[in-house]
Number of protein chains: 4
Amino acid sequence: MKLTAQQVEDLIHLGFAAKKKMLGIEEVRPGFVRTRLPYRDSMLRPGNVLSGPALFTAADLTMYALVLSHVGPEMMAVTANFNMNFLSKAKPGDIIGEGKMLKLGRRLAVMETLLYSSAEPETLVAHVTGSYALPVKS
Amino acid sequence: MKLTAQQVEDLIHLGFAAKKKMLGIEEVRPGFVRTRLPYRDSMLRPGNVLSGPALFTAADLTMYALVLSHVGPEMMAVTANFNMNFLSKAKPGDIIGEGKMLKLGRRLAVMETLLYSSAEPETLVAHVTGSYALPVKS
Amino acid sequence: MKLTAQQVEDLIHLGFAAKKKMLGIEEVRPGFVRTRLPYRDSMLRPGNVLSGPALFTAADLTMYALVLSHVGPEMMAVTANFNMNFLSKAKPGDIIGEGKMLKLGRRLAVMETLLYSSAEPETLVAHVTGSYALPVKS
Amino acid sequence: MKLTAQQVEDLIHLGFAAKKKMLGIEEVRPGFVRTRLPYRDSMLRPGNVLSGPALFTAADLTMYALVLSHVGPEMMAVTANFNMNFLSKAKPGDIIGEGKMLKLGRRLAVMETLLYSSAEPETLVAHVTGSYALPVKS
């Protein structure tokens, strides 16, 4: 690993100039990261479930954290493709993300992320695959 | 069309209990909708470009508006699959969405959405396809 | 399970009126299926690697087998969305598919499939997610 | 354009060492290509409709032709992501592909392809987006 969980958490906090803790990094190991996006009321949508944008945010940050922990503080990795299948309505709670590296190439990192709500931790809420374009080294 | 642009705009405003205008519906016709998500500073991410969650929100609301205008006020249509390709960095501005119905079946609506920033209206920022599960009629 | 591995294999063989064994079903259990698409020279593309259409076939049949084994001989389930990330070049060999049910709803089954070549069984060749529309029961 | 329709057709024919004409290239212009995959009986699946693998082949070759015509005979461009929405059953016929370049970057080409059957040319059969990784220039 190029970075620890704490270093990834700090980098994301700094990068977004966040006032509050943005994303908790709970575990980092080769090929894997577990994250927690703290619940806020603004995450809800009509029907009192976690909104699509909140789930998108959790998945995107999880994959960003996974890239960071594997390639180091290359802040310029950018999302290229993002594919999400919505599986269950998500009860209000922190969003738990489990990110898995499928391929770490020179130009592209391909990842999978599973999302859960802390209010119902056994229920898979969404399945995401995404690819990030990596900056070319000079 | 089951609903006018104004009716769709009002339904989304009501559904999200929004204080400010949520999403402008600029055009509605068979198979097509054009929307405008007003710019707010909270849409920016590091690098001063429109964030992934903001683009996701614009695309998701555009497809929701497209379904609403075609099937009527069925507020229970839910996103099933969402696939986004990020094409260009988006300069700060309103997000313009052009939604096109690819298939309106009994169980599933499949749509395409193109996203632009009003700050650079010629540049395609993201391409999205999505499917919504339609409520079964009883 | 509604069907055994042998029953699924027979149904696919019959459905496609195949002369040779079409797809081997190696394991069936709740939420999971393992398949083997036998190697043929026609699966190769320039560069001597397994072709995209061959990988597509393996993934699509794997998800079809997974649906069949869970819902019974409903031959009318049809692919709605198919998303594939190509991860590594695949050496010539049988294509091994591991299918996992992510959600089995009333209208839609959402699945994930991992593909490997028997010539290099440790290397993930492609990651697929797909959804199938299920026939409405009358 | 780097290549004419005829040159693209010849390159694909040569690359696949095809005995029969593989893919017709009917039109090539900046950002666009129209192709025709000739009908063969092996393209059918149960129900007498064009199969998923046949549609995949048509879409993949269309996007390959689109890349070739824009970047020249770089035979090493490889599919990275492929997302297909199946919209209508396709009656037996040639598969017509309309490919559109969404973004031609240095590392990635992102494209959209619409598929039709010549037996019912007004009906959109499938919508595809795909990205190809481009070889790094040395």
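In the predicted model, 17 residues of chain C are in contact with 17 residues of chain D. Together, chain C and chain D bury about 1500 Å². Carbon and sulfur atoms account for 60% of that area. By class, the side of chain C that touches chain D holds 9 nonpolar, 7 polar and 1 charged residues. No ionic pairing was found here: the count of salt bridges across the interface of chain C and chain D is 0. Polar contacts are present, with 9 residue pairs between chain C and chain D, both residues at pLDDT 80 or more.

Two elements of chain C give two or more residues each to the side that touches chain D. They are α2 (52-71) and β5 (78-86). The largest share comes from β5(C), with 9 residues. This strand also pairs across the interface. β5(C) and strand β5 (residues 78-86) of chain D run antiparallel and are joined by 5 bridges. Within this pairing, C:F82 stands opposite D:M84 in β5(D).

The relation between the two chains was examined next. A turn of 180 degrees, with a shift of 0.0 Å along the axis, lays chain C on chain D with an RMSD of 0.0 Å. This is therefore the relation of a two-fold axis. The same surface serves both copies, as 100% of the contact residues of chain C recur in chain D. Of the residues of chain C, C:N83 comes closest to the rotation axis. Its C-alpha lies at 2.1 Å.

Chains A and B form the other interface considered here. In this pair, 17 residues of chain B are in contact with 17 residues of chain A. Chain B and chain A bury about 1500 Å² between them. Of this area, 60% is on carbon and sulfur atoms. In chain B, the residues that lose the most area to chain A are B:P46, B:F56 and B:F86. Together they make up 30% of what that side buries.

Between chain B and chain A, the count of salt bridges is 0. The polar contacts across this interface comprise 9 residue pairs, both residues at pLDDT 80 or more. On the side of chain B that touches chain A, α2 (52-71) and β5 (78-86) of chain B each supply at least two residues. The largest share, 9 residues, comes from β5(B). The class composition of that side is 9 nonpolar, 7 polar and 1 charged residues.

Strand pairing spans this interface as well. Strand β5 (residues 78-86) of chain A and β5(B) pair in the antiparallel sense. The pairing extends over 5 bridges. A:N81 stands opposite B:N85 in β5(B).

Chain B is superposed on chain A by a rotation of 180 degrees, with 0.0 Å of shift along its axis. The RMSD is 0.0 Å. In chain B, the C-alpha nearest the axis belongs to B:N83, 2.1 Å from it. Of the interface residues of chain B, 100% are also interface residues in chain A, so the copies meet through the same surface.

Notes. Residues numbered from 1 in each chain as written. Chains lettered and ligands numbered in written order. Predicted model: local features only at pLDDT ≥ 70, side-chain atom pairs only at ≥ 80, totals over all residues. Heavy atoms only, no water. Least-squares fit on C-alpha atoms with pLDDT ≥ 70 in both. Contact = heavy atoms within 4.5 Å. Buried area = accessible area lost by both parts, 1.4 Å probe. Salt bridge = Lys/Arg side-chain N within 4 Å of Asp/Glu carboxyl O. Polar contact = N/O pair within 3.5 Å; in protein donor to acceptor, adjacent residues only side chain to side chain. Helix = DSSP H or I, 4+ residues; strand = E, 2+ residues; numbered from the N terminus. Nonpolar A, V, L, I, M, F, W, Y, C, P; charged D, E, K, R; others polar. Pairing = 2+ DSSP bridges.
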